[in-house]
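Me: Please take a close look at one part of this model, chosen for how it sits among its surroundings, and explain the terms as you go. I would also like to know which backbone details deserve a second glance.

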Amino acid sequence: MSDIGLIVVDPGHFHAALVQREMYPNLSPKVHVYAPVRPDLIDYLTRIFRFNTRPERPTRWEIEVHACPDFLERMCRERPGTVAMFSGRNRGKIQGVLAAIEAGIDVLADKPLIIRREDLSALETALNAAQDRGLILYDMSSARRQVVGDLTRLLRGDPEVFGEPAAGTLNEPGVTAASVHHIMKQVAGVPNLRPPWFFDISQQGESLADVGTHLIDRIHSTLFPEESIDYRTEIRLHAATRWPTRVGSAQFRQVTGEPGWPEYLEPWIKGASLDYFCNTRVQYQIRGVHVSVETRWNWEAEAGDDTQTACYRGSRAQLELRQGAEERYRSELYVVPFADIAAALERRISALQTAYPGVSLAKLGREWRVTIPDALRIGHEAHFAQMTRNFLDHVEHRRPLPAREKPNMLAKYFVCTEGVGISHGETSPVIAT
């Protein structure tokens, strides 16, 4: 049995179960769960039961549940494992993470670690504490492991193809990115019911603070790969706005199973509908490059699934991630030239064959689509296993995360939480470049 033992702390989000979608050779099959008795715990156990009893490649998790109101204090005192996973209610998550670190436990934390600007200092404290104790605090950012994002970053890094990043302006940014998520969808082949607190933005956070972390993380690592970013001196926020998605009472019953509105949602109930403030747009600069990010939640996809799009403007070409009907709602990368880059682009794609076998170019008028073989694509759920394997490798070999991870995590959460604050009309402590 592996020496690495998993502790699952108050699993309120389905991502907690997705981590256990498969077994890992360096992780013990015995898992300890510490949580209060409530529907979140039952939902998590039901998902693990499905994984353990599926016909193909069933898992073999052995779950020991410690159900009690003082679950966090008891977990830190008893320490039945070496790794704690947090994937649930987002407000207050950072305090649980810090408690685990102070108890000497490595942490795998689902995004977002924080949803409020007031908690950025607590995140920095947790990161410093982990570093001082030689522990791993790993931000569960599965979107990093998408092949389209990898190829975008590599092409952006080729000066003969992309050139230099365009600074842009407030009205015509150098980078634009958007994501559209859906409230009603399927996960692991079954309808994904949401806990009613998912709609409480004081607990779940608004979209920029939550799913926006994926977009900001990708933008920063694409513009400045393997570089450290100091949010205090290199990022300046300009503006942010928010607006609601209307969720009707029948829709709420369908996705939560609840017969009516919980009392804590009362501030956002308008007639027979809920104003779910889950849409945000933020505009900021990083090292002088203007960036515009939009995150939205719709009720249900008419076709396809959640989508992400982006555009990176360079002096020689523009890199575009598209995911519409023409792409069959699958993320594709396009190269739109501003100069004669054909030979340089072909050389670059040829040089990528060792790491990305089968990647090629398709000429479409004046632009190219980077053709990506299906073998190189993995789905959203498989990303969690890939990410968990990387985390466990760091834990098993006591290999610290790259030094840039700490400042870059703070930069990411600074943009997300400050953006939410500005969208509420709060004054931002703008940090000038």
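Reply: A residue is called buried when its relative accessible area is under 20%, exposed when it is over 50%, and partly exposed in between (1.4 Å probe, protein chains only). By that criterion, 56% of the 433 residues of the protein count as buried. This is a predicted model, in which local features need pLDDT of at least 70 and side-chain atom pairs count only at pLDDT 80 or more, while totals for chains, interfaces and linings use all residues. Residues are numbered from 1 along each chain as its sequence is written, and side-chain values use heavy atoms, with hydrogens and water left out.

The setting comes before the part itself. The secondary structure comes to 13 helices and 18 strands, which are DSSP runs numbered from the N terminus (helices: H or I, at least four residues; strands: E, at least two). The radius of gyration, taken over C-alpha atoms, is 22 Å, close to the 22 Å from the globule rule (2.2 Å times the number of residues to the power 0.38), so the protein is as compact as a globular protein of its 433 residues. Along the principal axes, the C-alpha atoms fill a box of roughly 65 × 55 × 45 Å. Of the contacts (heavy atoms within 4.5 Å) between residues at least 6 apart in sequence, 76% join residues at least 24 apart.

The part I have chosen is helix α6, residues 147-156. Eight of its ten residues are buried, so α6 is largely enclosed by the rest of the structure. The buried residues of α6 include a run from Val-147 through Val-148, Gly-149, Asp-150 and Leu-151 to Thr-152, and to these are added Leu-155 and Arg-156. The list therefore takes in Asp-150 and Arg-156 as well as Val-147, Val-148, Leu-151 and Leu-155, each of them under the 20% limit. The cover over these buried residues draws on helices and strands alike: it includes α8 (212-223) and α11 among the helices, and β14 (307-313), β15 (317-322), β16 and β18 among the strands.

One of these neighbours, α11, can be read from its own side. In α11, which spans residues 342-351, Ala-344, Leu-345 and Ile-349 are buried. Seen down the helix axis, the buried residues of α11 fall within an arc of 130° (judged from the directions from the axis to the C-beta atoms), so they line one face of the helix. These buried residues pack against α6, and also against the strands β16 (332-337), β17 (360-364) and β18 (367-371). The strands β16 and β18 thus appear again, having also been named in the cover of α6.

For the second glance, three places in the backbone may be checked on the model. The peptide bond joining Lys-111 and Pro-112 is cis, with omega at about -10°, and Pro-112 is found in the loop between β5 (106-110) and α5 (120-133). Arg-57, although not a glycine, has a positive phi of about 45°; Arg-57 lies in the loop between α2 and β3 (62-67) and is exposed, with a relative accessible area of 60%. Arg-287 is likewise not a glycine and has a positive phi of about 50°. Its place is the loop between β12 (273-286) and β13 (289-298), where Arg-287 counts as partly exposed at 30% relative accessibility.
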